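Me: I should like to learn how to read the features of a structural model in order. Could we take strands, chains, interfaces, salt bridges and single residues in turn?

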Amino acid sequence: MRRGKILLAVAVGVIVAAIAGGIAFAQPPRQVPPPYAGVKNPFPWDDTSVQKAGKQVYQRACLCHGPDGGSLSGADFSSPDFPLNIEKDQDFYFWVVSEGETNIGMPGFKTSLSDQERWQVLTYMWSLGKKAPPTTPPSSAPPPSGATLYLTAPAQDVAGQPLTFTAMLQNRGGSAIDGATVQFFVKVDFFTTGLMALGEAVTDGQGIAVFNYTPHLSGDIEVVARYQDVETASPLALAAPAVPFYQAQAEVKLPTVGKDIFIGPPSALQLGEMGNAPVGGFRLPGGYLSWLWLLVIMVALLWATYFRVIYQVYRMPAVNRIGAANTRVLPAIVLIMITVAGLVIIAMLFHSPYTHFHFLR
Amino acid sequence: MARSPRKPDKIYNLQNGMTRREFITGAAGAAGALTLLSVPLDRLLNPVKPAQIPAEMANTDEKVRAWCMIIDLARCEGCVTENTPPQCTIACLGGHFAPKGQQWIEVYTAELPGGGTFFMPTPCYQCENAPCVNVCPVAATYQDKTGVVLIDHRRCIGCRFCMAACPYQRRFFNWGTPELPPEAAFAQYSPIYPVPAVKGTVIKCMFCLHFLRMGKLPYCVSGCPMKALYMGDLNEDIASNGVEVVKLSRFLDEREAYRYKEYLGTKPRVYYLPGYGQTFGRKPDDPRKLLPVVWPWGGEGYNRRVGIWPWGKSPK
Amino acid sequence: MFRGVESPNERLQRRVLAPLFSTGAGYRAFVLFLVAVVAWGVYAYIVQVNYGLMATGMRDVVMWGLYLVNFVFFIGISHAGTLISGILRVTHAGWRTPITRMAELITVVAISIGAIMPIIDMGRPDRVWHMIAFGRLQSPLLWDIISITSYLAGSLIYLYLPTIPDMALMRDRLAKGTSSLRQKIYTFLAVGWQNTPDQRRRLDKAIGIMALAIIPVAVSVHTVVSFVFSMTLRPGWDSTLFGIYFVIGAIFSGIATILIVMAIFRKLYHFEEFITDKHFRLLSYLLLTALLLYLYLTFSEYLTVAYKLAGEEKQLLATLWTGSNAPWFWLFVVAGMVVPAFLIIIRRGPVIPRVVTAAVLVNIAMWAKRFVVIIPSLQVPLMPFEFGAYAPTWVEWSITAAAFAAFILIFTLFAKVVPLISIWEVAEEQEKEEAPAQETREKQQPAMRPSPLGRRQV
């Protein structure tokens, strides 16, 4: 009997603790300090003129959050529960807008925006969660057809392999529907979840419509077939292709003997991945028999000519020593300068960064 | 060679400089050392820094992407019905704190053959054969492996050769220190999110690559109220404007897509679907013009005049 | 001197070395003026570095302006030295001797000033070293760097070599009395020249090689400068003719510059005996040749564009021929090609005023031509918006003035350091001319011979 009472007490305690913890974690993480604690929006949340004024403010100061309010994770104004949250915790949001949360990068606007402007922008943010994006007017719902649609599609494959989807359409009585247009879609995530229309197929005498599709997508998707108001789906897992489908090319490919020779840091081949402009390396485009040699030879010949010319001056024999004059210093200095400059220029001919992604395939 | 036979060789060398042998060895040694030094010197001058891109912008997308944009001109009506300046431009400049005067995506009013007009939003076309990347002398502008043309503002020397080379005039120069709101200082600079703008460098649209990597749409695409801009992946043959998803190849073919000034051979990554805003009821001879773009900051922008004794008077 | 009569050689040395030994007040005032202009230009540049390129008139549409015009202009006139010295030396044209040094000096100074211009034009001049550390060989600007550096090095060498015997002359002239700093410098630069046959052989070989080597380098320099423009897709620039067009234009303005410099120094320092009508006449024929070639190329360029009137080119021609840029364009055509041609062809009146007027007109017109090549092509809109506008500001004009002032200043200072006429070459040439007369005289009086350079002259 006593053990039962203890058990009951513990159970109640755990439940109370869970609820309290839930409440605690559901609250905004910090207590709103005065003078912000308990402040309320002086405007009605659904006042469209206030929302319009707030939109002007938003576009001036808040576009880090994106035009629809959903660009920054952790503060998504476009989600449908945001209007409820902001109504409930309006003092918290007013506090954040006014004082900011500089440790996470949110500046405070109490000096650049008036109280009125800050409430206007919060009213506009309330409306963001309420707003549905405009699309072309929805077509009228198709009449119920009472048909049944079966879909046969492979469960997994590799992108780039041709697939066949077979749809079988039967009417309420179980007999095949002939000549009906079945639409095929793929349900995929690409910035939004949507149905990507693939095309249509017409059913034959047996009510079977066949659709061929070579996917370029990869990942877990769903194949969807639709006839009027009836839809069926079938999951499909596609592996990524070995070679990407889209091969950009921007040059005229000249015949070369061998691949480019490259000596340099590996980051030079990682276009932009390091967050820096590409650094250079020593390159021979087209392998050892590169056209670059022609240029290098021309430039080297030129600087070697300069060298030879000054060398003639260097070699001019001193006839008799004139005082303590050192007649070879100037030519020697010039020779060294020529050598250094010539070598730097030749190094510059070989040393170059990769900037085009198609050359690094 | 007239050489006094009584003087020892050493003194002769001292007074007449080096011998030929010494010179050649010296020069060769210096040259060799310099060449050997150049590789580690290269690393010293541009050390491979750890990824400077902020963690949330790091590329976590395992898929190989080939970003492109499709602009449905049948849906673009210049935001004249919204009675605002073009929203794509406003969203972009607001999100990037673009200096006053720079419209990285600019909506032009173009002419139809019959005398009517249509509106043409024009971001950077991120050309595959980009003339700007071809001419940059210091590799400050380069292509990401998804095809987006980026600029590293720590490398750009401001020669503006890329601006002369761009046949679409989509690159802008920071002619002075940009006047930006204080919020701009919170941003961490990286080539894919070039905020704040750097004085003396070239800047342009980067397809909001920082958003694309996070799985979000660019400012212009999500900011368009008519959902006229689509973001696409040529590799996966897919495109989306944030509301609907389409098969890219089919979309382009069925809507007769074209690229602007394609004959120049730049191979742009932005496709236009012909139209004049007719999806939302606009007629080609609609007289309403685009509203002028307003920047919430910037004073006179880069049009300030610098007088002969400007110290302290004009803002820098 | 022989019996109180100055030998031609002695007169040559006296006249040419006179400026090196005496400096007037006018000279000092002039130098001060030039230094002031250069200092003002430096101040303008400091303002530009502080405030950014916003201090200029360039903006996003017309993003290249006076700085690049000056760049092309100065690199253009740098072809003077190569043509005169190099080609005429290779073809053994004896009349070149009094003008080679001035020509070579024009090259070195013009290249130096021209090469600074793109750096002044940069938005981030603190990052110039990026072009060496991260230079992309695919960029025409890098071809510029390689070519201009090679040309600067080559023309410095080519300027220096023929001055060696004259440095030795100065060294010997100053050797009387205590050895001053000046004498030490000349000794250093003269590298022990004593005009021995062996030294002479080496110097001739060196100069001969350089004369030949410098010609292709010079052609490449202005070709790569033109490639900066013709590798873009702009109307007016997207032309296959640009390489040869710019090179001929450079030779054209280079010869005009030599004519101007020759005329000025001839007047100032009384070189009438050495730089004669004949020089002006022969150079004017070269100028005419270059003019006709340039006219031909201009005609070819504009006809092929005007015949088709493709797209943006039509707007370009409209602005050039009848629009806001028309004054500059027609100034170039009339003052740069038509009037000088007549001035040279119609040989009435004294040669020098005619030819020098033609040269001055040509240079003004060629500066206008560089303006007309660069700016209108940038003004033409490539997208559906308005024509660009460009109005250079005080900063750009100041720096342009400073560039010209620096050019003149370096010349002025150089005139006090090195003889402006290559004494030894002129003396040799005079000897060669007198050689047939000498032979007859020798048969009669073997004892009387002017002494070759190298023996101390009193």
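Me: In which sense do strand 1 and strand 3 of chain A pair, parallel or antiparallel?

Reply: Please keep in mind that this is a predicted model. Strand 1 (residues 148-152) of chain A and strand 3 (residues 163-170) of chain A are paired in the antiparallel sense, over five bridges. Within strand 3 of chain A, A:Ala167 is the residue that stands opposite A:Leu151.

Me: How many bridges link strand 3 and strand 6 of chain A?

Reply: Six bridges link strand 3 of chain A and strand 6 (residues 208-213) of chain A, in the antiparallel sense. Here A:Thr166 stands opposite A:Val210 in strand 6 of chain A.

Me: What does chain A contain in terms of helices and strands?

Reply: Chain A has seven helices and eleven strands. It is 361 residues long, and 42% of these count as buried. Among contacts in chain A with a separation of 6 or more, 62% are between residues 24 or more positions apart.

Me: How many helices and strands does chain B have?

Reply: In chain B there are eight helices and eleven strands. Of its 316 residues, 59% are buried. Residues 24 or more positions apart give 66% of the contacts in chain B with a separation of 6 or more.

Me: How should the size of an interface be read, and what area is buried between chain B and chain C?

Reply: The accessible area lost when the parts come together is often used to give the size of an interface. Between chain B and chain C the buried area is about 4,600 Å², and carbon and sulfur atoms give 60% of that area. B:Phe161, B:Gln169 and B:Trp175 supply 17% of the area that chain B buries against chain C, more than any other three residues. The contact involves 59 residues from chain B and 49 residues from chain C.

Me: How many residue pairs are in polar contact between chain B and chain C?

Reply: The count is 32 residue pairs, both residues being at pLDDT 80 or more. Several elements of chain B each supply at least two residues of the side that touches chain C, including strand 2 (106-111), strand 3 (117-122) and helix 5 (161-165). The residues on that side of chain B divide into 35 nonpolar, 16 polar and eight charged.

Me: How many salt bridges are there between chain B and chain C?

Reply: As a general idea, side chains of opposite charge can pair when their charged atoms come close. Between chain B and chain C there are two salt bridges. One of these joins B:Lys261 and C:Glu312, with the closest N and O atoms 2.7 Å apart.

Me: Why does the salt bridge between B:Glu236 and B:Arg65 tie together parts that are apart in sequence?

Reply: The closest N and O atoms of B:Glu236 and B:Arg65 are 3.5 Å apart. B:Glu236 lies in the loop between strand 8 (229-233) and strand 9 (238-240) of chain B, and B:Arg65 lies in the loop between helix 2 (20-45) and strand 1 (67-72) of chain B, so the pair ties together parts that are 171 residues apart in sequence. B:Glu236 counts as buried because its relative accessibility is 6%, and B:Arg65 is likewise buried at 12%. A network of salt bridges links B:Lys63, B:Arg65, B:Asp233 and B:Glu236.

Me: Is A:Lys88 buried or exposed?

Reply: A:Lys88 is exposed, with a relative accessible area of 58%. Its salt-bridge partner is A:Asp89, at 3.9 Å from N to O. A:Asp89 is buried, with a relative accessible area of 13%.

Me: Where does A:Thr355 lie?

Reply: A:Thr355 lies in the segment after strand 11 (351-353) of chain A. At 2% relative accessibility, A:Thr355 is buried. Its side chain makes a polar contact of 3.1 Å with the side chain of A:His356 and one of 3.3 Å with the side chain of C:Arg136. Leaving aside neighbours within four places in sequence, the residues in contact with A:Thr355 include A:Leu271, B:Val133, B:Tyr142 and C:Arg136.

Me: Which backbone oxygen does the side chain of C:Ser398 reach?

Reply: The side chain of C:Ser398 reaches the backbone oxygen of C:Trp394, at 2.5 Å. C:Ser398 belongs to helix 15 (residues 394-415) of chain C, and at 7% relative accessibility it counts as buried.

Technical notes. Residues numbered from 1 in each chain as written. Chains lettered and ligands numbered in written order. Predicted model: local features only at pLDDT ≥ 70, side-chain atom pairs only at ≥ 80, totals over all residues. Heavy atoms only, no water. Helix = DSSP H or I, 4+ residues; strand = E, 2+ residues; numbered from the N terminus. Buried < 20%, exposed > 50% of the residue type's maximum accessible area, 1.4 Å probe, protein only. Polar contact = N/O pair within 3.5 Å; in protein donor to acceptor, adjacent residues only side chain to side chain. Contact = heavy atoms within 4.5 Å. Buried area = accessible area lost by both parts, 1.4 Å probe. Salt bridge = Lys/Arg side-chain N within 4 Å of Asp/Glu carboxyl O. Nonpolar A, V, L, I, M, F, W, Y, C, P; charged D, E, K, R; others polar. Pairing = 2+ DSSP bridges.
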